[in-house]
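Colleague: I would like to learn how to read cores, pockets and single residues in a model of this kind. Could you take me through them in turn?

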Amino acid sequence: MPVAATDQFTFSDISMTANDTIRQQFREAMSFCTSGVHIITTDGEAGRYGITMTAVAAVTDEPPTMLLCVNQKTRIHPILQSNRHLCINVLAAHQQDAAEHFAGMTALTPAERFEQHIWHRGSTGQLQIEGALAHLHGHITAEHSIGTHSVFYVQLDEISAPNAQQQPPLVYYRRQFGLSD
């Protein structure tokens with residue numbers, strides 16, 4: 001049976017559909033991975049900003065280095081590139097409201113998000129939220145782009161974990177915040 005002109009497609013249409021399918025499958029599969037929740041803060045010449053992130057991981061302990069995977073379209077991306085210094089705040093379970101604020105899930109402006117919580121400055125000058133399980137202060141040593149994201153490698157300069165033994169962490173699983181049991 002002949003194919004009508006309106007039913008024709010190209011191989012690029014097929015690959016786009018395949019790419020969309022695997023992208024959705026990837027996102028669904030990643031939603032099954034329980035992740036710790038962090039607020040990344042930076043303050044410097046490019047301004048003060050914060051964002052909730054789960055794409056944060058340890059790389060090595062010599063020197064102590066973390067990685068952050070940041071979408072290149074986010075407001076914090078160019079700010080991190082310019083400021084180069086940041087704090088990774090490891091959130092406790094009772095800090096879900098802060099996670100929601102810095103994830104942009106509320107109507108608060110970026111400046112108002114900071115006003116809702118108590119902050120202190122570490123010795124590097126970066127903001128750390130009171131009550132977090134840990135504060136990991138560092139500076140960006142390398143950056144690599146892949147697809148829609150940049151991977152920032154952050155060498156740690158200061159670490160404090162004042163509440164690590166007292167409270168459970170805030171986690172993210174199946175696109176929801178929750179407690180770790």
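Modeller: What follows goes from the nonpolar cores to the pockets and then to one residue, and throughout it should be kept in mind that the model is predicted.

Colleague: Let me begin with the interior: which residues of the largest nonpolar core touch the most other members?

Modeller: A nonpolar core is a set of buried residues joined through side-chain atoms within 4.5 Å. In this structure the largest such core has 22 residues, and those that touch the most other members are Ile 40, Leu 68, Leu 86 and Ile 88. At least two residues of this core come from each of strands S3, S5, S6, S9 and S10 and from helix H2. Apart from this core lies another, of 13 residues, which includes Ile 39, Phe 102, Ala 132 and Phe 177.

Colleague: With which residues is Ile 88 in contact, once its neighbours within four places in sequence are left aside?

Modeller: Ile 88 is in contact with His 38, Ile 39 and Ile 40, with Val 56, with Met 66 and Leu 68, and with Ala 134, His 135 and Leu 136. Among these partners, Ile 40 and Leu 68 are, like Ile 88, named as residues that touch the most other members of the largest core, whereas Ile 39 belongs to the other core.

Colleague: Turning to the pockets, what is the volume of the largest one, and which residues lie nearest its centre?

Modeller: The largest pocket has a volume of about 1200 Å³, and of the 27 residues that line it, Arg 27, Met 30, Thr 54, Ala 55 and His 149 lie nearest its centre. Helix H1 gives the most to this lining, with four residues, while S3, S5 and strand S11 each supply at least two. By class, the lining holds 14 nonpolar, nine polar and four charged residues.

Colleague: How do the residues that line the second largest pocket divide by class?

Modeller: They divide into four nonpolar, three polar and no charged residues, around a space of about 150 Å³. The lining consists of Ala 55, Cys 69, Ile 146, Gly 147, Thr 148, His 149 and Val 151, and of these Ala 55 and His 149 also line the largest pocket.

Colleague: Finally, is Glu 100 buried, partly exposed or exposed?

Modeller: Buried means under 20% relative accessible area and exposed means over 50%. Glu 100 is partly exposed, because its relative accessible area is 25%. Glu 100 is placed in helix H3, residues 96–102, and, leaving aside neighbours within four places in sequence, Glu 100 is in contact with Met 105, Thr 106 and Phe 177.

Definitions and conventions
Residues are numbered from 1 along each chain as its sequence is written. This is a predicted model: local features need pLDDT of at least 70, side-chain atom pairs count only at pLDDT 80 or more; totals for chains, interfaces and linings use all residues. Side-chain values use heavy atoms; hydrogens and water are left out. Buried means under 20% relative accessible area, exposed over 50%, partly exposed in between (1.4 Å probe, protein chains only). Contact means heavy atoms within 4.5 Å. On a 1 Å grid over the protein atoms alone, a cavity is a set of points where a 1.4 Å probe fits but cannot get out, and a pocket is an open set with protein on both sides within 12 Å along at least five of seven lines; lining residues have an atom within 4 Å of a point. Grid points are joined across faces, edges and corners, and a volume is the space filled by probe spheres set on the points. Ala, Val, Leu, Ile, Met, Phe, Trp, Tyr, Cys and Pro count as nonpolar, Asp, Glu, Lys and Arg as charged, and the others, Gly among them, as polar.
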